[in-house]
Each structure stands twice: as C-alpha cells, then as structure tokens.
Amino acid sequence: MTKICRIDPDNDYKAIVLCDVSDWKKLNDLNKKRYHGNWEAIQFRFAEDKKSDSKFEPNAAIIVPCLAVRADIVEDFFPENTGEVELLPIKISGQDWLIFNCLASASGLNVDESVVFRDSTGIIFLIQKVVIHDQSVEDKLFFTIEGSNKSTIFALERFVTLANEKGVKGITFAPIGILK
C-alpha cells in the first residue's frame with residue numbers, strides 16, 4: 001500500500017492571485033483536457049497586503065485546480081515529460097512559471113472505504129478520504145480522481161519525497177488515503 005496525499009497551499013508563503021479576474025474561466029478545463037498548444041499565458045501576481053508582507057515568495061504553488069512551479073525548477077520534477085502532465089506557461093509578478101495540467105487520472109475509487117461528496121449530477125466535488133485500487137497510477141507522481149471535478153491533485157509518496165529533497169517551498173502535503 002502506498003500513501004496518497006492531497007497537495008495544498010502553504011499559508012506561510014505569499015498567495016497568488018489573477019491579475020485579471022476574467023481570466024478565471026481559462027482555468028476551467030485544466031486537469032480535464034490537453035491544450036495542444038492552444039494556451040495563452042495567464043498573468044498572476046503575488047498578493048500584496050498586510051497579511052503577506054512578512055511572507056516569503058514560493059517556488060511552487062497551488063493555483064486551483066493546478067500545481068504550478070517556477071520554470072527554473074521544473075526539470076527537477078520532469079527531466080523528460082512522460083505525458084502525464086502538460087506544462088503550460090504563466091507569469092507570476094513577471095516571473096516565468098509553469099502550470100502542470102494533470103492528465104493522469106485514477107479510476108479505481110473504492111466507494112465503500114472512501115469519503116466523498118457528490119453534486120446532484122454525481123460528480124465528486126469534495127474528497128475527505130480516498131482509497132484507490134488502480135495500479136495504473138502507481139508509477140505517476142500525481143493524479144486526479146476519475147468521476148470528480150478534478151479540482152484536487154493527489155500525490156504519491158514518491159512525489160512528496162522528491163519535493164522535499166528538491167526544497168520545494170509553497171505547498172504542503174496532507175495524507176488523505178492509500179493506493180492498494
């Protein structure tokens with residue numbers, strides 16, 4: 001059995017916000033489809049307010065629904081792209097970053113052992129505990145859950161270890177389940 005973690009923002013680091021709120025709709029299909037070059041870089045900025053004055057700039061972040069990292073450290077995670085993610089450019093306060101459009105999805109959700117909440121159409125929108133029986137994601141660094149709105153990214157222990165070894169700052173990992 002392998003531990004599954006949810007990737008969360010680390011509140012000790014500056015928040016990231018859209019420069020133009022109308023760009024929010026451009027994020028709707030992330031983790032759901034491949035863009036095949038039909039992507040235009042979106043502009044973000046680090047939040048500047050009294051709460052964030054004492055906070056540090058991250059080198060990784062969760063921009064719901066995606067993981068994002070500074071472009072200069074992306075090769076630490078993906079020396080060669082395996083197809084499980086599509087790396088899409090964004091700008092954060094003038095810096096080059098990449099959003100990980102997560103295309104790997106686990107399909108073996110054990111509904112009896114998991115705690116999930118569904119909307120009126122049956123789509124999972126909240127996951128509190130997850131037990132997955134899908135060995136196809138065992139070699140992935142991270143993935144979403146089939147049948148969900150794909151707004152939550154899950155990481156296996158391998159990714160957590162890699163992120164800690166590489167000094168990633170700006171995200172945390174919350175244990176949320178297991179891969180059997």
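A nonpolar patch is made of residues with over 30% relative accessible area and no salt bridge, whose nonpolar side chains are joined within 5 Å. This predicted model has such a patch.

**The surface patch**

V115, F117, F125 and L126 form the nonpolar patch on the surface. Together they have about 320 Å² of accessible area. Two strands, β9 (115-118) and β10 (124-132), each supply at least two residues of the patch. V115 is found in strand β9. Is V115 buried, partly exposed or exposed? Its relative accessibility is 33%, so V115 counts as partly exposed.

**Aromatic pairs**

Now to the rings. A pair of aromatic rings is described by the distance of the centres and the angle of the planes. In this model the count comes to 7 aromatic pairs. Two of them are set out here.

| Pair | Centre to centre | Angle between planes | Kind |
|---|---|---|---|
| Y35 and W39 | 5.1 Å | 75 degrees | edge-to-face |
| F142 and F159 | 5.3 Å | 75 degrees | edge-to-face |

Why is the pair of Y35 and W39 edge-to-face? Planes over 60 degrees apart count as edge-to-face. The planes of Y35 and W39 stand at 75 degrees, so this pair is edge-to-face. Y35 is buried, and W39 is buried too. Y35 also has a charged neighbour: K33 lies over the face of its ring, at 5.0 Å from the ring centre.

The pair of F142 and F159 links distant parts of the chain. F142 is in strand β11 (residues 142-145), and F159 is in helix α1 (residues 157-165). The two residues are 17 residues apart. Are they buried or exposed? Buried means under 20% relative accessible area. F142 has 0% relative accessibility, so F142 counts as buried. F159 has 1%, so F159 counts as buried as well.

Which residues share a cluster with F142 and F159? F100 and F173 do: with F142 and F159 they form one aromatic cluster.

**The strands around β11**

β11, the strand that holds F142, is joined to strand β8 and to strand β12. With β8 (residues 105-106), β11 runs parallel, and 2 bridges join the two strands. There, S105 stands opposite T144 in β11. With β12 (residues 154-156), β11 runs antiparallel, again through 2 bridges. Which residue in β12 is the bridge partner of F143? That partner is F154.

Key. Residues are numbered from 1 along each chain as its sequence is written. This is a predicted model: local features need pLDDT of at least 70, side-chain atom pairs count only at pLDDT 80 or more; totals for chains, interfaces and linings use all residues. Side-chain values use heavy atoms; hydrogens and water are left out. Rings of Phe, Tyr and Trp (its six-membered ring) pair if their centres lie within 6.5 Å; planes under 30 degrees apart count as stacked, over 60 as edge-to-face and the rest as tilted. Buried means under 20% relative accessible area, exposed over 50%, partly exposed in between (1.4 Å probe, protein chains only). Helices (H or I, at least four residues) and strands (E, at least two) are DSSP runs, numbered from the N terminus. A charge sits over a ring if NZ of Lys or CZ of Arg is within 6 Å of the ring centre and within 35 degrees of the ring normal. Two strands pair if DSSP finds at least two bridges between them. Patches are made of residues with over 30% relative accessible area and no salt bridge: like charges are joined within 9 Å, nonpolar side chains (Val, Leu, Ile, Met, Phe, Trp, Tyr) within 5 Å. Accessible areas come from the Shrake-Rupley method with a 1.4 Å probe; for residues, only the protein chains shown count as cover. A salt bridge is a side-chain nitrogen of Lys or Arg within 4 Å of a carboxyl oxygen of Asp or Glu.
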